[in-house]
Amino acid sequence: MNEYMTTAEVAELLRVPAETVRYWRYIGKGPKSFRLGGRRVLYAREDVEAFVAAARAEGAA
């Protein structure tokens with residue numbers, strides 16, 4: 001079973017403001033997210049980890 005994170009939890013993990021995570025979602029840059037129940041936005045931990053791994057690989061190139 002996947003672990004799901006809120007926007008605030010993703011922001012805390014990545015050490016950025018929650019507004020930054022929301023902006024990334026708005027422009028399609030951040031980790032994959034989905035809506036649950038219409039308003040609640042969640043992120044699968046594996047998608048957040050994949051986002052970080054891709055950013056690290058891009059930075060190392």
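Is Val41 buried or exposed? In this predicted model, Val41 counts as buried, because its relative accessibility is 11% and the cut-off for buried is under 20%. The residue belongs to strand β3, which covers residues 40-44. Leaving aside residues up to four places away in sequence, Val41 touches Met5, Thr6, Thr7, Arg25, Ser33, Phe34 and Arg35. One of these contacts, Thr7, lies 34 residues from Val41 along the chain, yet the C-alpha atoms of the two are separated by 6.9 Å.

Phe34, another of the residues that Val41 touches, sits in strand β2, made up of residues 34-36. Here the picture is a bit more open: Phe34 is partly exposed, with a relative accessible area of 33%. Together with Tyr4 and Leu36, Phe34 makes a nonpolar surface patch of about 270 Å². Phe34 can count towards such a patch because its 33% is over the 30% relative accessible area required of patch residues.

Turning to charged pairs, the structure holds 2 salt bridges. One of them joins Glu3 to Arg45, with the closest N and O atoms 3.1 Å apart. This pair ties together distant parts of the chain, since Glu3 is in the segment before β1 (4-5) while Arg45 is in helix α3 (residues 45-60), 42 residues apart. Both partners are partly exposed: Glu3 has a relative accessible area of 45%, and Arg45 has one of 26%.

The other bridge pairs Arg22 with Glu19, and there the closest N and O atoms are 3.9 Å apart. That still makes the pair a salt bridge, because the cut-off is within 4 Å. Both residues sit in helix α2 (residues 18-27), and because they are 3 residues apart, about one helical turn separates them. Arg22 is partly exposed at 40% relative accessible area, whereas Glu19, at 55% relative accessibility, counts as exposed, because the cut-off for exposed is over 50%.

As for helix packing, helix α1 (residues 7-14) packs with α3 at an angle of about 35°, and the two axes are 12 Å apart. The crossing of α1 past α3 is right-handed. On the α1 side, the contact is made by Val10, Leu13 and Leu14, and on the α3 side by Arg45, Val48, Phe51 and Val52. Arg45 thus turns up twice, in the contact between α1 and α3 and in the salt bridge with Glu3.

Terms used: Residues are numbered from 1 along each chain as its sequence is written. This is a predicted model: local features need pLDDT of at least 70, side-chain atom pairs count only at pLDDT 80 or more; totals for chains, interfaces and linings use all residues. Side-chain values use heavy atoms; hydrogens and water are left out. Patches are made of residues with over 30% relative accessible area and no salt bridge: like charges are joined within 9 Å, nonpolar side chains (Val, Leu, Ile, Met, Phe, Trp, Tyr) within 5 Å. Accessible areas come from the Shrake-Rupley method with a 1.4 Å probe; for residues, only the protein chains shown count as cover. A salt bridge is a side-chain nitrogen of Lys or Arg within 4 Å of a carboxyl oxygen of Asp or Glu. Helices (H or I, at least four residues) and strands (E, at least two) are DSSP runs, numbered from the N terminus. Buried means under 20% relative accessible area, exposed over 50%, partly exposed in between (1.4 Å probe, protein chains only). Axes are lines fitted to C-alpha atoms, for helices over the stretch in contact, and angles run from 0 to 180 degrees between N-to-C directions. A crossing is left-handed if the near helix is turned anticlockwise from the far one by less than a right angle, and right-handed if clockwise. Contact means heavy atoms within 4.5 Å.
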